[in-house]
Amino acid sequence: MCRLKAAFARLAGPWRDSMLIFVLNGPNLNLLGKREPHIYGSATLADLQAAVERKALGLGLRVDFRQSNHEGALVDWIQEAREKAAGLVLNPGAYTHTSVAIHDALKALAIPTIEVHLSNIHAREAFRRHSFVSPAATGVICGLGAAGYLAALDALKGLIDKGPKG
């Protein structure tokens, strides 16, 4: 099957799955449930992934759920989403406030992108209130905890169903 997809991609352009959503998580999100639970909650990243997968299934979507503490890996995955996914949910973690590289990778996307934060970054320290990601995202959801990821899936489903000219 993979060879068939590869052959088709060479003949017909990029292979994009119209129901695949990349869900990318940045630094320290692997510590969910352990790091500052009074801010980020007690659910683990595995709990979050399970909730996202259940929600996606109910919407007729598939998810590719990933986490990295490395900026370059996130950039690589954003570029991969450009070719493979119909939409992107991105929690860039601390890279929100520092990464021009992630901003530039997002600007190269032609798919809807929702920036998500578990906490309300605007109600936190001053340095967390600026996002390099937001200007390159279709939308931003923050402060809703894990429910923000689920809302992002709802939003992406609506945007995908409308199509590019929506």
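Along strand S5, which side chains point to one face and are buried, and which point to the other and are not? The legends below start from the whole model and come back to this strand at the end.

**View 1. The whole protein, with its six helices and five strands.** This is a predicted model, in which local features need pLDDT of at least 70 and side-chain atom pairs count only at pLDDT 80 or more, while totals for chains, interfaces and linings use all residues. Residues are numbered from 1 along each chain as its sequence is written, and side-chain values use heavy atoms, leaving out hydrogens and water. Helices (H or I, at least four residues) and strands (E, at least two) are DSSP runs, numbered from the N terminus. Following the chain from that end, you meet the elements as α-β-α-α-β-α-β-α-β-β-α. Of the 166 residues, 43% are buried (under 20% relative accessible area, with exposed meaning over 50% and partly exposed in between; 1.4 Å probe, protein chains only).

**View 2. The open sheet, ordered S2-S1-S3-S4-S5.** The five strands pair in parallel, where pairing requires at least two DSSP bridges between two strands. Strand S2 (62-67) and S5 stand at the edges with a single partner strand each, so one side of each has no neighbour in the sheet. From one strand to the next, the twist averages 20°.

**View 3. S1 beside S2, with a helix packed on the sheet.** Six bridges link S1 and S2 in the parallel sense, and here Phe22 stands opposite Asp64 in S2. Helix H4 (residues 71-84) packs on the sheet and touches S1, S2 and S3; contact means heavy atoms within 4.5 Å. The direction of H4 makes about 170° with that of S1 (axes are lines fitted to C-alpha atoms, for helices over the stretch in contact, and angles run from 0 to 180 degrees between N-to-C directions).

**View 4. Strand S3 (residues 87-91), covered on both faces.** Look for Gly87, Val89 and Asn91 on one side and Leu88 and Leu90 on the other: all are buried. Five bridges join S3 to the parallel strand S1 (residues 20-25), and Leu90 is the bridge partner of Leu24. Toward strand S4 (residues 113-117), S3 makes three bridges, and Leu90 has Glu115 as its bridge partner there.

**View 5. Strand S5 (residues 139-142), with alternating side chains.** Here is the reply to the opening question: Gly139 and Ile141 point to one face and are buried, whereas Val140 and Cys142 point to the other and are not. S4 and S5 pair in parallel over four bridges, with Ile114 opposite Gly139.
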